[in-house]
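Grab a pencil and work through these exercises with the model open beside you. Try each task before you read its solution.

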Amino acid sequence: MFNEVINKSTVRSPYNKVFNWAEALPKNTILKKQIQAENLFKKIGVTFSVYNNYDVSERLIPFDLFPRILSASEWIKIERGIKQRSIAINAFLNDVYHRAEIIKAKIIPEKLIYNNPAYDIKMVGFNVPKNIYSPIIGTDIIRTNEIDFKVLEDNCRTPSGVSYMIENREIMMRMFPELFQSLNIEAVDSYPSYLVDILKSLAPKKCKGDPKIVILTPGHLNSAYYEHSFLADLMGVELVQGSDLFVNNNITYMKTTEGPKKIDIIYRRIDDEYLDPLYYKNDSLLGVPGVITSYKTGYVNICSAPGAGLADDKAVYTFMPDIIKFYLGEEPVLKNIKTWRCYDVKECKYVINNLEKLVVKEVHGSGGYGMLIGSKASKKELNIFKNKINKDPENFIAQPILELSTVPIFDKSSLSDRHVDLRPFSLIGHKKFKLVSGALTRVALKKNSLIVNSSQGGGVKDTWVLAD
Amino acid sequence: MLSRTAENLYWTARYLERADSIVRLLEVAYRISLIPNTKEGYDNEWESILATSGIKNEYLSIYKEIKKEKIEFFLLFDDRNSSSVKNCITSARENIKMVRTAVTLEVWNAVNSFFYSYFDLTKKKYYTKDLPEIIDLVKRNVNLIKGTIINTQLLNDGFDFLILGNYFERADFTARIIDVKYFILLPSTSLIGTQIDNFQWSLMLRSVSSYRAFKWAYGNSEIDYIKIIDFLILNSKCPRSLFFSVEKISYHLKRLKNHYKENKNFPSKIENVFRKLKKLSVNDILDEGLHEFLTTFIKDISTVYSDLEKKYFLGS
Amino acid sequence: MILNIKHQTNYNFYSNVPRLVQSLKLYPSNCKNQKVIDWNISTSIGQLTKSHQDSLGHTIYNIYNEGLIGEQTIISEGKIHTKDFHGVMHGLVDKVNPFCFLRFTYLTKPGEKLIKLSKKIKQKKDQIKFCHDLNRIVSEVLDFKTGITNNKTTAEEALKTEKGVCQDYAHILISLSKIFNIPSRYINGYLMDDNNISHYSSHAWVEMYINDLGWVAFDPSHKKCIDQNYVRISCGYDFSDASPIKGVKLNYLGEEDLNFKLDINTEQ
């Protein structure tokens, strides 16, 4: 297990200043700052909703004051890897929805694509604007040693958490301005303007003039609603719900106090199946009837494209290194985690026999649900999972129990190591790639826990990329 | 501005004003309960509170009897009462939450903190002795929010929708409260000049928090129904009068028209209402019949609202 | 054979529908089995807009209405030249890989009854023979009877009741063929029917994918492959996916009436 701060009993160079600073902080200062930070978050209203009967069930994601730090050279590698991956993912999506060369070349089994619920047959043969299906990708990365960063998961649909990246920085700058004066830390606040820029480069065919962007949210009960309104505000665009939009003669409009206003680009934060009740879920009220028609006829762009989720399917993930090689002819900069595919009889056998050493995931699950950590499971749980896998092997993959690196948190007032991951948010548009030098660091607050998801007791940290 | 944003802003303000009006009614009732031997007046007062809020039937279908504690609870906390203070505050916050970025952080904070402090109250059992404190909490917070709006909001179209919500609610509420009690404002030979009249009239003024203002406006002369009608309907300085609300509505609708560069020559309903009020005297109102006048007024205001809704909130 | 077809759909909305968007898959497939000589779609009210050709080859039209109340009539009519290829479909405009049609949907997901039925069937190497077997078996598991099942009846439920209409036959056949790993899909269309079994205006059958032959159309409610009496209109995973008119009313909770009328005749 890699300790990012202290390696071989010396402090690693990116953490030099911060570690000394943290060690020297008086205990009551830490406690005071923690309360201050929490109050700031509360005041701003950075919350995520928990589905419950009552609206009061809004929670703060716990924020830890000790920053996660990456050196300039480490970041360069991550950036190269993510860029490569984002391009490959979009090339892959374009291919499987058109000629499907990668399947013809027998690099990916056809069943994995065609029988995959995330493969949307309504998208086949349709040319999305500028061939970009997934302009916003959140890549979950873990660090396993001094050199290696590995990708745990790609999030190509509607990755969330970017608001925390920006807010965490805001809070840290207010709490500890002196650190920002003495260290050269890359800024993250240009993300919203980058996002506008990227989306504008993806205007639909029939858009004339400056493209009008909206963010489509399922509404204030959604767990990421805060993020939706946060982004809309910083991007200077309207935050709309399905009922704020309508389609007439294939054109999408927004209802305003000055009458209908034509819109060109929908950055949607609702799932595919809710987009248009005429095409997907018939009884959904979240979407806009006719918006797919508007999309298909070139009046509006929907980002990400319906069916883009295919690329972050866990079964497709296992092929990502091959996908990168196939489309770019390059070796992947960021490696995958070794993964066993249970649909393969041999690999499945290995998984069943070594369950206590593995992490098993459902192919279509997310957020840390439907997951088994072999080493922590009881005999009974192991048996239940064995049966589950045998019954439906295609629905499972397995990975070794991960060695997530550690960074300390302030536990009460002293430092204590915890496991972390890293989620940078990359943006890919028409002949453009943007990545702010920063990311969301998620941290498991329970000692020795490997689950960093906020819905299951995870917290967040500000993530610093040092300038050269 | 997005139609829904305008609508959410409007309803935020409207619900806050409603919560405020309800606790002001409760304040009067509380006052009466402190005066001995007013059993009858007290029962009347409770009934008129329910009638004003338009929830008398709702209440009776649940509680069967007019009882002080039950009415207080019904008005303050009962989920089954769509206009309970609790529901008003929840709705106000729900509305503003959906358009959080259309208001300043300070306005959002003011509404949000109000919501949380009121919710703390709902966790405890309600005792009638807590009433004054609750009334005070609501009044203080609503005032704080309104002040924050005026102090921090950009004076754009969103501001107009907030103010409009406030005054549509107030116009409606004041008209209703006068209507519910219109019988005590009629010249009826048997009661004129008696204790009961004076008492009822002062209650009437207090229920719209205008007792002191009335004294300021008319000096220490005797209260009489002519003055009250004049004060609550036609007075341009009384912030609770119909005239005042209509003037505000008219002003902010005009601002919207300018803001959206609409055709100015197009006559609007509110102008007619306002023009009529400006020309009226108390005697005109009494000639028309107070009840008839108020019925027409409430209908007019609701037509103005429908036009507003159609034009700005439906957006197509 | 030349067929003249007029398909009329009538809606009656009892109160004001603020906004109505309808998506139509009413334009017949144009392929070797059926050549569209001329075709016209119209609506008595609202804006009819041609949209796009979708991945399955449907030419989609949309109708947009604001403030609609009372009657709406949608007429889809024209002339078609059909040919009998013993069910084998030739020249379909279809970009979707057939293996996508191995997925189950709510209406076609097999339950106990279907699994049990499938276990009694012996799979044959000869795919075409096996598909005929399946078609025959399905045609015998139900008695044709209207009024028992409805639009929301699943294959499994229909099999349990042992009674149903063309749509139920089709769902059962789809479910069954997928159990045997044969891609299949739901077809919605018209049948020029001498026996007049059906009182429905439209008919439903199934296409199964056979290697080397491509999509082959079977009609389990008539125990045969389709011929020149069939006109193919739309296809999809199941009834709901293939439905020729879908409409979404916004802010409308009122009542509506719906009736169909279909006239088909041949030109000698």
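**Exercise 1. Is C:Glu162 buried, partly exposed or exposed?**

Solution. Start by counting: C:Glu162 has 13 C-beta neighbours inside 10 Å. A residue needs 20 or more to be buried, and 12 or fewer to be exposed. The count of 13 falls in between, so C:Glu162 is partly exposed. Keep in mind that you're looking at a predicted model.

Next, find its place. C:Glu162 sits in the loop of chain C between helix H3 (155–161) and strand S6 (163–164). Last, check the backbone: phi is positive here, about 60 degrees, although the residue is not a glycine. That's worth a second look, because most residues other than glycine have a negative phi.

**Exercise 2. Find A:Ser9 and work out whether it is buried or exposed.**

Solution. Go to chain A and look in the loop between strand S1 (6–7) and strand S2 (10–11); A:Ser9 is there. Now count again: 6 other C-beta atoms lie within 10 Å, so A:Ser9 is exposed. Its phi is positive too, at about 55 degrees, and A:Ser9 is not a glycine.

**Exercise 3. Which peptide bond runs from A:Cys303 to A:Ser304, cis or trans?**

Solution. Look at omega, which is near -5 degrees, and you have a cis bond. Most peptide bonds are trans. To place the bond, follow A:Ser304 into the loop between strand S14 (301–303) and helix H11 (314–317) of chain A.

**Exercise 4. Check the length of helix H6 (residues 162–175) of chain A, then decide how covered it is.**

Solution. Length comes before cover here. The helix has 14 residues, and at 1.5 Å a residue they should span 20 Å. If you wonder why 14 doesn't simply get multiplied by 1.5 Å, it's because the expected span uses one less than the number of residues. The end C-alpha atoms of the helix are 20 Å apart, which agrees.

Now for the cover: 10 of the 14 residues of H6(A) are buried, so the helix is mostly covered by the cut-off of 20 or more C-beta atoms within 10 Å. Among the buried ones are A:Tyr164, A:Ile166, A:Arg169 and A:Met172.

**Exercise 5. What does B:Tyr15 touch, once its neighbours within four places in sequence are left aside?**

Solution. Begin in helix H1 of chain B, where B:Tyr15 is found. It has 24 C-beta neighbours inside 10 Å, so B:Tyr15 is buried. Its contacts beyond four places in sequence are B:Cys88, B:Ser91, B:Ala92 and B:Asn95. For a sense of distance, take B:Tyr59 as well: B:Tyr15 and B:Tyr59 are 44 residues apart in sequence, and their C-alpha atoms are 20 Å apart in space.

**Exercise 6. How do helix H12 (residues 242–259) and helix H13 (residues 269–279) of chain B cross?**

Solution. Draw the two axes. They come within 10 Å and cross at roughly 145 degrees. The crossing of H12(B) and H13(B) is left-handed. Then list who makes the contact: H12(B) gives residues including B:Leu242, B:Phe243 and B:Val246, while H13(B) gives residues including B:Ile270, B:Val273 and B:Phe274. Sorted by class, the contact has 9 nonpolar, 1 polar and 2 charged residues.

**Exercise 7. How many residues does each chain give to the contact of chain B with chain A?**

Solution. Each side is counted separately: 18 residues come from chain B and 18 residues from chain A. On the chain B side, helix H1 (3–34), helix H5 (85–98) and helix H6 (105–122) each give two or more residues. The largest share, 4 residues, is from H6(B). By class, the chain B side splits into 8 nonpolar, 6 polar and 4 charged residues.

**Exercise 8. Describe how the two domains of chain C meet.**

Solution. Get the bounds down before anything else: domain 1 is 2–81 + 245–267, and domain 2 is 84–242. The centres of these domains, taken over C-alpha atoms, are 24 Å apart. Where they meet, 21 residues of domain 1 are in contact with 18 residues of domain 2. On the domain 1 side, strand S1 (2–24) and strand S13 (256–267) of chain C each supply at least two residues. S13(C) has the largest share there, with 5 residues. That side of domain 1 is made up of 10 nonpolar, 8 polar and 3 charged residues.

Key:
Residues are numbered from 1 along each chain as its sequence is written. Chains are lettered from A and ligands numbered from 1 in the order in which they are written. This is a predicted model: local features need pLDDT of at least 70, side-chain atom pairs count only at pLDDT 80 or more; totals for chains, interfaces and linings use all residues. Domain bounds come from an automatic or database domain assignment. Two residues are in contact if their C-beta atoms, placed from the backbone, lie within 7 Å. Ala, Val, Leu, Ile, Met, Phe, Trp, Tyr, Cys and Pro count as nonpolar, Asp, Glu, Lys and Arg as charged, and the others, Gly among them, as polar. Axes are lines fitted to C-alpha atoms, for helices over the stretch in contact, and angles run from 0 to 180 degrees between N-to-C directions. A crossing is left-handed if the near helix is turned anticlockwise from the far one by less than a right angle, and right-handed if clockwise.
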